[in-house]
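Hi,

Here is the structure I promised to pass on. Have a look at it first, and then read on for what turned up.

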Amino acid sequence: MAEKIAIYPGTFDPITLGHLDILKRASKLFDRVIITLAINSNKTPLFSKEERLNFIADAVKNMPNVSVDSFEGMLIKFAEKTGANAVIRGLRAISDFEFEFQLALMNRKQNGDITTVFLMPNEKYTYLNSTIIREVAKFGGDVSSFITPFVEEKLKEKFSK
Ligand code: ADP
């Protein structure tokens, strides 16, 4: 039987425990999951592509069926190239729904064989996103329960400069 492969795309600036919660759930449902950095030249992230990839690689080092990649341009083209038949997205609240709905249907229009799968994180992560982590860390707040120790260290370095 063909391997079931999913991709989990995002900006991951930086990766949070909310992202990792979704990734763990996905890794139990699929044979292989590729967590992939979506490079968007219109956005100026806090962390570089290399930094974000390092954070992800560190976070998934004990997840044997998860690999890390990045792509620029169309998500569906990247999915096709990897042989994935599913795209994982996280849904936190109703506020995520409208954008995610639009994205999923547009992706389905591009390739009807690739299905978007929405997963919900543990409720303790439902109000978490990378933006709030960056904001709180910038002002020296405690974000240690929402990110990996490696990301915490690098956030401290970034804002102590
Ligand atoms: P964000 O800037 O919102 O964190 P990303 O592009 O990094 O967004 O997120 C990639 C995917 O992970 C999106 O589907 C997003 O909804 C989901 N996601 C982000 N944070 C969480 C969280 N705390 N819990 C569940 N899903 C999340």
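Let's start with the ligand: 17 residues surround it, and the ones that come nearest are Tyr8, His19, Gly90, Tyr125 and Leu128. Keep in mind while you look that this is a predicted model. As for where the ligand ended up, it sits in the largest pocket. Three elements each give at least two residues to the shell around the ligand: strand E1 (5-10), helix H1 (17-29) and strand E4 (86-90).

On the polar side, I have three contacts for you. The side chain of His19 has an N or O atom 3.0 Å from an oxygen atom of the ligand. Phe12 takes part through its backbone instead, with a polar atom there lying 3.0 Å from a ligand oxygen. For Glu100, the distance from a side-chain N or O atom to an oxygen of the ligand is 3.5 Å. How much of the ligand's surface does the protein bury? Of the 530 Å² that the ligand exposes when taken alone, 89% is buried by the protein.

Phe12 deserves another look for its backbone. This residue lies in the loop between E1 and H1, and its phi is positive, at about 45°, even though Phe12 is not a glycine. The loop between E1 and H1 also holds Pro14, and the peptide bond leading from Asp13 into Pro14 is cis, with omega near 0°. For context, most residues other than glycine have a negative phi, and most peptide bonds are trans. If you set up any calculations on this model, that loop is the bit I'd pull up on screen.

Now for the strands. E4, which you met in the ligand shell, runs parallel to strand E5 (residues 115-119), and five bridges join the two. One of the pairings puts Val87 opposite Thr116 in E5. To get from E4 to E5 the chain goes through helix H4 (residues 94-110), in a right-handed β-α-β crossover.

There is another right-handed β-α-β unit, made of E2, helix H2 (residues 49-59) and E3. Here the strands are E2 (residues 32-39) and E3 (residues 66-72), which are parallel and joined by seven bridges. If you want a pair to click on, Ala38 has Phe71 in E3 as its bridge partner.

That's the tour. Shout if anything looks odd on your end.

Cheers

Terms used: Residues are numbered from 1 along each chain as its sequence is written. This is a predicted model: local features need pLDDT of at least 70, side-chain atom pairs count only at pLDDT 80 or more; totals for chains, interfaces and linings use all residues. Side-chain values use heavy atoms; hydrogens and water are left out. Two strands pair if DSSP finds at least two bridges between them. Helices (H or I, at least four residues) and strands (E, at least two) are DSSP runs, numbered from the N terminus. A crossover is right-handed if, with the strands pointing away from the viewer, the path from the first strand over the helix to the second runs clockwise. A residue is near a molecule or strand if one of its heavy atoms lies within 4 Å of it. A polar contact is a pair of N or O atoms within 3.5 Å; within protein, one must be able to donate a hydrogen and the other to accept it, and residues adjacent in sequence count only if both atoms are side-chain atoms. Accessible areas come from the Shrake-Rupley method with a 1.4 Å probe; for residues, only the protein chains shown count as cover. On a 1 Å grid over the protein atoms alone, a cavity is a set of points where a 1.4 Å probe fits but cannot get out, and a pocket is an open set with protein on both sides within 12 Å along at least five of seven lines; lining residues have an atom within 4 Å of a point. A molecule sits in a cavity or pocket if more than half of its atoms lie within 2 Å of its grid points.
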